[in-house]
Amino acid sequence: MIRLQNPQDCSGCTACQSICAHGAISMRPDGLGFLYPEVDADRCVDCGRCERVCAFRADYDTSADFSEPQAFAARHNDSAEVEKSRSGAVFAALSDVVITHGGVVYGAAFAEHFRVVHKRATTREERDAMRGSKYVQSDLTGVFSQVLRDLEACKTVLFSGTACQTAGLRAFLGSKWAESEQLLLVDIVCHGVPGPFVWRDYLAMMERKAGVSFSHVEFRDKKRFGWRAHRETFEGGGKVVSTDAYKFLFMRNYTERYSCFACPFKNFRRPSDITLGDFWGWERTAPQMNADDRGCSLVLVNTLRGQQYLNAVLSQLQLVEAQLENCGQPALQCNYNGYRHRRIFERAYRRFGLRYALWRYGNNSWLHKLRKYWK
């Protein structure tokens, strides 16, 4: 039986809930909306499967990995694909191959009123909802079991998510399916995952200020501000509102899950076949590729299966080999400090709400202005 003593020990991947044959585990939200397992003692038979399946630990499985990943700067040849994607549209190229051959793609997308969940796509139109950054932890409830059903039905599956999500899926599926040629795991370079309730309340606050219900949201608006910029854009009722207040909380680590401060995956040992991310430092590898500031992807090929899939889309991509020392952004090197500040923010948010927490800790707060003054 799972006995979670420290919230840092759980990434919320749902592997334990998915593997429980007795339905004894449910995922319950905490004060920021992060899901944690809760055990029904009356249903639990103490089989131990939930504890054994947990992959959020330093000795996660990398048995299929190369000794070190192959690194590339990459960008789709089709500029329209790049414009629709957050970075260089490599995910679009990989998922196109899977869908073309009758496969299934899983990734983070918006559900009702911009709630972030993992969805299943069998067409390019459905897949397109997975494009773009979504700075909220996605809800994976029921997804791992659906992936298993697709694999058992002889479908090719591309699953994309954070490293902890791909590691959780691997552990849930076991070696039979995790090493199958039918499965391609793609993880993203991850700073951390903000709380769903913080995003929900922030969206509601922005709608109240604008006096409209938004119909379109961009966490990073490349079209208006370029690839480097990190500004949210909200559209609806003929209004367009842009801000960076949510991004400020995210980058200051106020809203991340506690496990993000103890993440075992922030290194080049990846629990997936391919790792994708923004290529910060592209200037040292491919200075012409992103001269227009429309995006450049970092691609880490971790396994032979990942190499085979990348080879299948070479004709669609500009690809330049990179050195690992030029790819070592912070999210691939170490965990972030700020656990204490995260606890202080949560206390303020849970007691007084987001508006007060922003007033106290946001980029227009008196505290931030005082820090800027002293600098």
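**Helix α8 and the largest nonpolar core**

Visitor: Which residue, just after α8, takes a positive phi?
Guide: This is a predicted model, in which local features need pLDDT of at least 70 and side-chain atom pairs count only at pLDDT 80 or more, while totals for chains, interfaces and linings use all residues. Residues are numbered from 1 along each chain as its sequence is written, and side-chain values use heavy atoms, with hydrogens and water left out. Helices (H or I, at least four residues) and strands (E, at least two) are DSSP runs numbered from the N terminus. Just after α8, the positive phi of about 75° belongs to Gly211.

Visitor: How far does α8 reach from its first C-alpha to its last?
Guide: The expected span of a helix is 1.5 Å times one less than its number of residues. α8 has 15 residues, and its reach, close to the 21 Å expected, is 21 Å.

Visitor: Which element gives the largest share of the largest nonpolar core?
Guide: Such a core is a set of buried (under 20% relative accessible area, 1.4 Å probe, protein chains only) Ala, Val, Leu, Ile, Met, Phe, Trp, Tyr and Cys residues joined through side-chain atoms within 4.5 Å. The largest one has 38 residues, with Trp199 and Tyr202 among those with the most contacts inside it. Two or more residues come from each of α8, α10, α12 and α13, and the largest share, seven residues, comes from α8.

Visitor: Which elements do the buried residues of α8 pack against?
Guide: The buried residues of α8 include Trp199, Tyr202 and Met206. Leaving aside neighbours within four places in sequence, Tyr202 is in contact (heavy atoms within 4.5 Å) with Phe234, Tyr246 and Leu354, among others. The buried residues of α8 pack against β8, β9, β10, α10, α12 and α13.

Note on methods: Buried < 20%, exposed > 50% of the residue type's maximum accessible area, 1.4 Å probe, protein only.
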